[in-house]
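Dear colleague,

Please find the sequence and the structure below, handed over for your own work. My notes on what was found follow directly after.

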Amino acid sequence: MDRAEVFSKIKKVGVVAVIRASSAAEAGKLIDAAVAGGIGAIEITMTVPGAVDIIKEMAAKYADNDDVLIGAGTVLDPETARICILAGAQFIVSPSLNVETIKLCNRYAIAVVPGVMTVTEAVTALEYGCQIIKLFPGNAYGPSIIKAFKGPLPQADFMPTGGVSIDNAGEWIKAGAVAVGSGSDLTKCGGDYSIVTEKAARFVEAVAKARMK
């Protein structure tokens, strides 16, 4: 799957599940639960113990499922990005803007979503060809920031992450976000992974309803 298809699928589902866990076993259960609920874009963060091995395992597990994308998150540098790509990551997400990471991903034609907090950083991301830009942390702004960013940058596609919940996901979409990323608001379940599946379905529904209005 080429990176244009990856970006297209992220935009289509509208929700990226940000996976943070204390173990590989927990991460695997969270991923399966999110996928069962309809979220096919999975971001496995580098803060998870054994994250690269989990990416490799999940990339193989879902290799024949075109509706599931396995990506890497909390990628801070190009070295980590390359390791994740070799493990099978189909997209790379960063909490900040690191030009060398973007260049590495461009070199290997891998979708990359850098994090920004300012218009200056967003412009730099666009100059390096980024097709989706992560607004992080989203809860430092609120949905109205999308309109503010898109005033001077109407061509930019933004994905807020941080503080995105089922209750406000639709507000972000209505404000102009092409997708949202959710971590603890989606994955907090107290060990009952059916809760994650239920919340994933509600996230997908919230995004779909917001797009219809």
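Helices H2 and H3 cross in a right-handed sense, and I should say at once that the model is a predicted one. The axes of H2 (residues 24–36) and H3 (residues 51–61) come within 11 Å, with a crossing angle of roughly 35°. On the H2 side the contact is made by Ala-24, Ala-27, Gly-28, Ile-31 and Asp-32, which meet Ile-54, Met-58 and Lys-61 of H3. Sorted by class, the residues in this contact of H2 with H3 are 5 nonpolar, 1 polar and 2 charged.

A second helix pair is formed by H4 (residues 78–87) and H5 (residues 99–107), which pack with their axes 8 Å apart and at an angle of about 30°. Since angles under 35 degrees count as roughly parallel, H4 and H5 are therefore roughly parallel to each other. The crossing in which H4 passes H5 is right-handed. From H4, the residues Pro-78, Ala-81, Arg-82 and Ile-85 take part, and they meet Glu-100, Thr-101, Leu-104 and Cys-105 of H5. The contact of H4 with H5 comprises 5 nonpolar, 1 polar and 2 charged residues.

Two of the H5 residues in that contact, Thr-101 and Cys-105, deserve a few further words. Thr-101, which has its place in helix H5, is buried, because its relative accessible area is 1% and the cut-off for buried is under 20%. Leaving aside residues up to four places away in sequence, Thr-101 touches Val-75, Leu-76, Asp-77, Pro-78, Ala-81, Ile-92 and Ser-94; of these, Pro-78 and Ala-81 are among the H4 residues that meet H5.

Cys-105 is likewise buried, with a relative accessible area of 0%, and leads to the matter of disulfides. How many disulfides does the model contain? The count comes to 0. The closest cysteine sulfur to that of Cys-105 belongs to Cys-130 and is 8.6 Å away, which is too far for a bond, because a disulfide requires a pair of cysteine sulfur atoms within 2.5 Å. Cys-130, for its part, is in no disulfide, the nearest cysteine sulfur being that of Cys-105. With a relative accessibility of 6%, Cys-130 also counts as buried.

With best regards

How values were computed: Residues numbered from 1 in each chain as written. Predicted model: local features only at pLDDT ≥ 70, side-chain atom pairs only at ≥ 80, totals over all residues. Heavy atoms only, no water. Axes fitted to C-alpha atoms, helices over the stretch in contact; angles between N-to-C directions. Helix = DSSP H or I, 4+ residues; strand = E, 2+ residues; numbered from the N terminus. Parallel < 35°, antiparallel > 145°, perpendicular 65-115°, else oblique. Left-handed = near helix turned anticlockwise from the far one by under 90°. Contact = heavy atoms within 4.5 Å. Nonpolar A, V, L, I, M, F, W, Y, C, P; charged D, E, K, R; others polar. Buried < 20%, exposed > 50% of the residue type's maximum accessible area, 1.4 Å probe, protein only.
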